Structure formats: structure tokens, C-alpha cells
Amino acid sequence: MKRSVGIVVLLLLILPAIASAQTIVRDIPDCVTLGEEFQVRFSVSDAEVAGGFVEQIPNGFAVTDTGSSDPDSIEVEYDPTNNTVTVGWAFAGSNFEVWYNVTAPSTAGSYTFSAVNSVMLDTSGNEIQVPIQDSVLQVADTCAPPVTTTPTPTTPTPTTPTPTLNDGPIQVPELNIDMVKLSDDEISVGEELEIDAVWNKLEDSTRRIVVIKWTDYQEVDGNIGKLLDNAETYWTLSEDAGDATYTFSPEEPGYYYVVVYGSAPNVATTINDDLVFRAKAAVAGKPSVSINVDKSKVAIGDYVKVEASMSTDVPVSVVKVFVTGSGYFLNETGYGGTSYMLCYAVGGEWYNVEDACGKDEWWVKISNVPEGTYVAKIDVGEGPTRAEATEVFSIVKPAIESLDVPSTHVKGTDLVIEGTTNLAKSGEESDNATIAPEVENWAYLTIEDLSGNVIVSPAVTNAAKSYIDEGGKFRFKIDNFGTTGVGGALDTGYYKVTISITSGILTDDETAVMEIVKPEISRTADKTTATRGDTVEFTIDTNLKVNNPV
């Protein structure tokens with residue numbers, strides 16, 4: 001593969017070129033410190049069948065490693081004699097990434113990274129020029145933290161007016177409810193609100209009193225199922241006449257509806273949402289915020305779900321939600337400076353995250369960033385009413401965590417190989433949220449003889465490919481291996497087994513040696529001599545597995 005890719009690049013440098021909209025984008029930090037190692041990454045979009053480019057690295061920088069999302073189809077080579085990285089590919093797919101790690105010089109200054117001979121070759125043999133924009137990198141004693149750079153704020157979303165406070169009393173004659181009243185229309189978080197109700201008999205009825213946050217009630221739109229699913233609490237009134245006093249203590253600041261609804265055989269579903277109260281924060285105007293990450297550990301190439309929430313009785317004008325670590329911000333598309341925040345909204349009046357950011361949950365792509373501890377954070381408000389919440393998680397490289405390869409395999413029986421990895425389940429959003437249910441996480445099996453001849457591989461049989469299941473499990477089963485199965489009749493002896501996994505960005509592999517042996521069977525008796533009428537027991541021993549025919 002490497003030789004053919006090199007030939008493709010050579011051809012691309014010769015053929016006449018035409019214009020195109022394909023893109024190659026370099027991702028590089030704005031600033032690094034003296035001697036710091038960092039990564040330069042290229043995202044290739046809408047790629048043609050073949051192509052390549054040459055990256056000219058400024059003097060003083062030293063490349064330490066190179067890589068790509070498809071090592072079988074993409075070649076990335078560093079030439080220290082002229083400090084260049086040459087990239088070439090053939091049939092690598094329409095979208096992929098390449099990268100190199102590089103160490104900064106010990107001299108501060110401004111350095112320009114540029115690429116030349118950036119071209120692609122289409123199926124008709126036409127060469128397409130794809131220019132790559134130059135990047136300027138600052139090398140300094142210290143770099144300002146990325147968070148100090150103000151990203152482009154989100155366009156403010158029009159704010160829904162807050163509801164009018166009303167502690168009642170109200171009547172709902174359609175449901176034979178004479179009175180529902182709140183003890184107050186404004187309380188503090190943690191205080192107790194009393195809800196008094198008096199009702200008359202209504203046979204075969206369902207009548208309830210529901211407490212729900214104002215921000216959640218906006219999504220109900222008359223759907224009783226959603227009302228109950230999002231309720232803070234609710235109570236069911238009896239069919240007979242009665243009265244009761246219910247209590248509720250809000251845990252978060254904000255506006256709340258007390259909704260009365262019900263129905264009966266001759267009564268259409270009735271909803272009354274006239275009652276509204278406000279729960280004030282313990283510190284006046286300070287929101288309650290939270291953030292959640294669905295995994296404590298995630299592999300490079302997978303996605304992690306981040307959810308953020310905010311409750312407040314006073315609108316806020318600044319909402320920031322982001323994932324950060326190792327000097328980078330991560331979002332749904334990649335990583336970089338503060339422009340990769342999940343949300344940066346300023347200038348509005350918001351009571352919840354969704355209104356400020358347009359959403360309150362994100363599937364964050366774990367690109368090829370350094371391993372380590374990362375933080376998801378929500379930061380809202382300013383000054384004494386500023387509120388923050390964080391959650392920590394780890395980013396690790398894809399790894400095979402356990403592997404069960406039999407040390408011996410009886411020729412002609414079914415071969416089963418199992419293991420586990422730290423990758424997400426194939427085809428789910430945590431595998432790749434942008435293409436799910438398509439699969440990016442795979443496990444592959446290759447079996448070779450000791451001369452390097454391939455017996456089993458994904459190119460030979462689909463049985464050598466495995467999805468990643470719950471808990472990172474993978475499994476291969478090759479029927480009748482060694483005789484009539486894949487690979488045909490094999491000699492007894494030792495074979496090399498290689499298992500590899502891929503997250504679409506990084507891979508890991510493990511190798512084991514397995515011996516193929518002949519089926520064996522032996523029979524022994526518990527006696528060497530016996531007289532007529534004696535009982536003789538025979539024991540059958542075999543290296544075949546249970547349920548194999550003998």
C-alpha cells in the first residue's frame with residue numbers, strides 16, 4: 001500500500017489541474033510554549049479517490065510522530081532532511097483525518113506552517129487543486145489560557161415572558177373542584193408551600209394536581225403524558241367528595257405551575273394552569289446549575305454525551321457550556337480554541353439552558369487529543385450571582401482490555417475467540433453520533449501461519465469482523481476451522497492470531513500463538529480381565545469439545 005500511495009502522489013504532481021470545492025483544513029494551536037510538544041491535524045472533506053500534499057514545517061520544529069484515521073489507505077511520512085511531512089492516500093473514503101506531533105523550538109517567535117502540492121485525483125484522471133491555508137503559530141515563554149479569548153457569542157434567542165404569579169383560589173367546575181389555593185405565590189428554595197383543595201364527588205373520574213417547572217411546562221403543550229413525566233410531584237383526588245392540604249418544597253429556584261387536570265366519562269379532558277408561584281434562590285438571583293457526562297472514561301474516537309441544566313427565578317444574560325482539558329476545548333465537530341465551546345450566549349434574558357443555547361445536550365466528539373483528565377463545565381451569570389458546576393471524566397486511547405484465544409485448537413472444530421475493549425457499542429451515538437446507526441467501532445481477526453501467509457482476515461471472510469457489544473465485548477466464530485471452514489484444510493502446528501480494534505481514529509492490537517492439533521480419542525477399561533457376568537466400565541477421553549460428534 002505504501003508504494004502505491006507514493007506513486008499516486010507523484011502522478012498528482014504532474015497532471016493538469018482543475019478547480020474544485022474539496023477542502024483540507026489544518027487545525028493547529030494559536031500559541032505553544034518553548035519546547036512544548038503539540039499536534040497538528042488535517043481534516044480532509046469530500047476527498048477524491050486519491051490525493052496528497054506536502055507540509056513544510058518551519059525550521060527548529062521536530063516531528064515526533066505521524067498518523068491517520070485509516071493507516072491502510074493513507075501514508076504519512078516525515079523527512080527530517082528537509083523538515084517536511086508528505087501525505088498521500090488512495091481509496092481512503094470521502095472524509096478522514098491525518099496528523100503529526102511536533103516539538104516547538106527553544107526560540108520564541110512567530111512561525112508559519114504551509115502546505116504545497118495539495119491535489120486530488122478523480123475517477124476520470126483529472127487532477128484537482130485543493131489549497132490549504134497557511135497557519136501562523138506563536139511560540140512564547142508562556143501562553144495566555146485559551147479561556148481568555150472571547151468566542152463569538154450565540155445569537156440571543158427571544159425570551160418567553162415569565163408567567164404571572166397567582167396563589168388563587170381557583171375553581172374548576174368542569175371537574176367538580178370547588179377550590180384550589182396556594183399558601184403563597186413566592187417562597188424561598190427549601191421552604192414549604194401548602195396547596196389546599198376542596199372537591200365534590202365525580203364518578204369514574206381521574207383528577208390530579210400537578211407541580212411542574214415553568215420551563216418544563218412549555219414543552220408539554222397539552223400532552224398529559226409529558227405533563228406527568230416532567231412533573232416535580234402530583235396528587236390524585238378521590239372520586240368521592242373530599243378536601244386535603246398538600247405540601248411541596250422546591251429544591252431549585254424558578255417559576256412553577258400548579259396544574260389541575262382531569263376527565264370523566266361525560267367530561268372532556270380539562271386542564272387549568274392558572275396557579276403560579278415563584279421559588280427564590282437562597283442567594284437572591286443566583287441560579288441553580290448542573291452538568292452531567294454519561295461516562296467517567298471515554299476512548300479517543302468515541303463520543304460522550306454532555307447535558308446541562310439551569311433553574312433560576314431571575315433571568316441571566318451569560319451562559320457558557322464547554323468541555324476542556326490539555327489546553328483544548330472539545331465540541332461536536334472537533335477540538336481547538338474557545339470557538340469550540342459548546343455554547344457561549346450573551347446579551348439575552350434566559351431562564352434555562354435550551355433557550356440560551358438552542359439545546360441542552362450535546363454529543364461531544366473525542367478527537368485525537370492527549371490522554372488525561374477533562375472537565376465539562378457550565379458557567380452562568382456574573383458577579384455575586386454567578387453559578388458554576390463541573391464534572392470530570394478521563395480520555396484514554398482505545399485498548400483491548402482482555403482476550404481469550406485458545407492455546408490449542410482441535411482441527412475441524414469451531415474456533416471461538418472473545419475479548420473486551422474500552423470502545424463504545426457499535427452503531428450507537430456513543431460510537432459516532434454523526435453517522436449512527438452506521439458503525440465505526442470494529443474488531444478484526446487475522447490468522448497467519450508462521451511464514452506470514454494470511455489464512456483468515458476481514459478481506460477473506462466477514463466472520464473475521466465483529467461489532468463491539470455492550471461492555472466492550474467482541475466475538476469471532478470460525479466454523480470447522482482447519483478442515484472445511486475458512487482457510488480450508490490446514491496442517492497441524494502453530495499459527496499467529498492478531499486481534500485489532502479501531503475507533504475510526506486510533507487502533508490497538510494484541511497477538512497470540514495458537515496450536516492446531518489433530519482430534520484424539522482414547523478408551524480405557526477399569527479392568528484388564530473379567531469373568532462372565534462382571535461389569536466393566538469404559539472411559540472415553542477426547543480433546544474435542546462437548547457436543548462434537550465422536
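**View A. Positive phi at N480 and S326.** A residue is buried under 20% relative accessible area, exposed over 50%, and partly exposed in between. At 33% relative accessibility, N480 therefore counts as partly exposed. This view, like the others, comes from a predicted model. N480 is not a glycine, and its phi is positive, near 50°. The residue sits in the loop that runs between β38 (473-478) and β39. S326, also a residue other than glycine, has a positive phi near 55°. S326 belongs to the loop between β25 (316-325) and β26 (328-330). With a relative accessible area of 41%, S326 is partly exposed.

**View B. The aromatic pair of F61 and F113.** The count for the model comes to 20 aromatic pairs. In the pair shown, F61 and F113 meet edge-to-face, with 5.2 Å from centre to centre and 75° between the planes. F61 comes from the loop between β5 (50-56) and β6 (62-68), and F113 from strand β10 (residues 109-121), so the pair ties together parts 52 residues apart in sequence. F61 has 3% relative accessibility and counts as buried. F113 is buried too, at 0% relative accessibility. Ring pairs link these two residues with F38 and Y111 into a cluster.

**View C. A lysine over a tryptophan ring, K465 and W442.** The charged end of K465 sits over the ring of W442, at 4.5 Å from the ring centre.

**View D. The second largest pocket.** This pocket has a volume of about 1100 Å³. Its lining comprises 37 residues, and those nearest the pocket centre are S69, N95, E440, G504 and I505. At least two lining residues come from each of β4 (37-45), β9 (96-103), β35 (442-449), β39 (493-502) and β40 (507-517). β39 supplies the largest share of the lining, 4 residues. By class, the pocket lining holds 13 nonpolar, 16 polar and 8 charged residues.

**View E. The largest cavity and the domains that line it.** The model has 1 cavity of 30 Å³ or more. About 60 Å³ of space lies in the largest cavity. Its lining consists of K213, W214, T215, P253, G254, Y255, Y256, M310, S311, T312 and Y351. Each of α2 (214-217), β20 (254-264) and β24 (303-311) supplies at least two of the lining residues. The most come from β20, with 3 residues. The cavity lining divides into 6 nonpolar, 4 polar and 1 charged residues. Domain 2 (170-280) and domain 3 (310-396) each contribute at least three residues to the lining of this cavity.

**View F. Domain layout of the chain.** The protein chain is divided into domain 1 (23-140), domain 2 (170-280), domain 3 (310-396) and domain 4 (400-514). Between the C-alpha centres of domain 2 and domain 4 the distance is 57 Å.

**View G. Cis peptide bonds before P169 and P437.** G168 and P169 are joined by a cis peptide bond with omega of about 5°. P169 is found in the loop between β12 (135-140) and β13 (170-172). Another cis peptide bond joins A436 and P437, where omega is about 10°. P437 lies in the loop that separates α5 (429-432) from β35.

How values were computed: Residues are numbered from 1 along each chain as its sequence is written. This is a predicted model: local features need pLDDT of at least 70, side-chain atom pairs count only at pLDDT 80 or more; totals for chains, interfaces and linings use all residues. Side-chain values use heavy atoms; hydrogens and water are left out. Rings of Phe, Tyr and Trp (its six-membered ring) pair if their centres lie within 6.5 Å; planes under 30 degrees apart count as stacked, over 60 as edge-to-face and the rest as tilted. Buried means under 20% relative accessible area, exposed over 50%, partly exposed in between (1.4 Å probe, protein chains only). A charge sits over a ring if NZ of Lys or CZ of Arg is within 6 Å of the ring centre and within 35 degrees of the ring normal. On a 1 Å grid over the protein atoms alone, a cavity is a set of points where a 1.4 Å probe fits but cannot get out, and a pocket is an open set with protein on both sides within 12 Å along at least five of seven lines; lining residues have an atom within 4 Å of a point. Grid points are joined across faces, edges and corners, and a volume is the space filled by probe spheres set on the points. Ala, Val, Leu, Ile, Met, Phe, Trp, Tyr, Cys and Pro count as nonpolar, Asp, Glu, Lys and Arg as charged, and the others, Gly among them, as polar. Domain bounds come from an automatic or database domain assignment.
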